[in-house]
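Visitor: Could you walk me through the pockets of this one, and say how each label is earned?

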Amino acid sequence: MHSINPTTTKSWKALLKHSAASNGVHLRELLYETSRFKSMHIRIEDLLLFDYSKHRIDETTLKLLENLFDECKVQDLLEEQFRGVKINVTENRPVLHTVLRDPGIAPFIVDDQDVRKASKIELKRMYEFSEGIRIGDIRGHSGRKIKNIINIGIGGSDLGPKMAVESLKPFSNRDLKFHFVSNIDGSDLHECLMQIDPEESLFIVASKTFTTQETMANAEVARDWLIQKLEDPACVEKHFVAISTNSEKVNDFGIKKENTFGFWDWVGGRYSLWGAIGMPICISIGSDNFQELLNGANFIDDHTRKRPFRENIPKIMAALGIWYRNFLNASTHAILPYDQYLHRFPAYLQQADMESNGKSIDRNGKRVNYSTGGVIWGEPGTNGQHAFYQLIHQGTELIPSDFIASVIPQHPLHEHHSKLLSNYLAQTEALAIGKTIASTPYKKFEGNQPSSTILFDKMNPFSLGALIAIYEHKIFFQGAVWNIYSYDQWGVELGKEMARKILPEIDGDHLDSDHDESTKGLLNHIRDLSNKADNN
């Protein structure tokens, strides 16, 4: 794998000079160039229009960014990923979530396994199970139809499925209710169990190792609750499904083999909704629509591999992000879907982006001397307009934003949609142009806030698959330029290790002397109050 410090490249140094020279240029000047929109948008027929003309860039900026991508060999790295090279070096794994949505049938051998064949076998099993639940052939212990689907997972096993189920609600089976439990805070599971009938509920336990603390704690309580309610331990076999690779622990839990669906080390958690982790999505929208989700993502895979830089949406998005992060000192990026069904999309991207590129060690094991991934956040419009847009319009931060919408709505309230789109367009224009003439300085808007406009023809399973894949590849390209490993997440592990150490100290008498004074004080405070509560 290539390891190139981007700051040593000719294009990086040229971009530094270019950013200083173009610092005084305002979007107000750029946006009235007659050819600007034509040269700075990408149209994919029957799918979407991507407009990047409202950015603080010109043709020189784009050419230098393209040169940077070439010098950092990002296309070579992308092809290595698709070929099954172990680009996740720190975990010695290939990264092949794209195989899960690949329609090809030719053998694809990685470590003596035909990964394409394995993924299709598991996908077929998931389709059969999902349809069995949807039409009522697969029923609960007492013979009643399943009406509640409870997904128990965390991180990628929760955020992706939850986001997609919400995003595609118009395509869902409305006879089914979906619940997502992830937090170790007992209120999450408690509130869910209060809403469901045990005889009509299916629990999906999603954990690769079947040892994840939060997931297994919730799953065990759910299992005990079910047995107590149905008064028969055998009920677990009819009401629990496992998404895991650890067949031994799944069996010990009481879930039968035919209700266990697998995935592999070459699929990272935050990239796993395309396979068995997507079981709730598949049950919700059906196997045909789930296949369309995969097809949309695969379409973008082909687009990303084959289209040149100026016609390549993920590359342009990644390049713009690098321009703002490394040359204009923007530390944050807003995701603003003007689509209430996409209300969980910003949260999904928080994990996808920040867990991937929140790294400070490069591929040589050395600390980087430049900025890498920034803070990703957002809310649906127009809610955000009445919350944090004030800061974007008149605050002191440079905040690039992605505005996402569809021309055709997923609902029949077309007057509402016209109002939504008017706000969608107005905000991008207002952020860019601003307002210089006002009766008071408090009513002036500096403008010059950049944004991308991602406008789908309509949102459907194919479109959502495409949208997710666009961001997946954008994240990959940025990690490639920053010379970091985007597919591990060692930063997640330290807190888990320390939590396992602290847990017995909360309920026990022992207190580890290695804790810092603050943690000791907090532990003692918790124990004192807990003991008083127990004695009352």
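Guide: Here is a short tour of two pockets and their linings. This is a predicted model, where local features need pLDDT of at least 70, side-chain atom pairs count only at pLDDT 80 or more, and totals for chains, interfaces and linings use all residues. Residues are numbered from 1 along each chain as its sequence is written, and side-chain values use heavy atoms, with hydrogens and water left out.

Visitor: What makes something a pocket and not a cavity?
Guide: On a 1 Å grid over the protein atoms alone, a cavity is a set of points where a 1.4 Å probe fits but cannot get out, while a pocket is an open set with protein on both sides within 12 Å along at least five of seven lines. The largest pocket has about 980 Å³, a volume being the space filled by probe spheres set on points joined across faces, edges and corners.

Visitor: Which residues count as its lining, and which lie nearest the centre of the largest pocket?
Guide: Lining residues have an atom within 4 Å of a point. The largest pocket has 39 of them, with Lys208, Thr212, Gln489, Glu493 and Lys496 nearest its centre. H19 gives the most, 4 residues; helices are DSSP runs of H or I, at least four residues, and strands are E runs of at least two, numbered from the N terminus.

Visitor: And the second largest pocket: what is its volume, and which helix gives the most to its lining?
Guide: About 350 Å³, and H17 leads with 5 residues. Tyr338, Asp339, Gln340, His411 and Leu420 lie nearest its centre.
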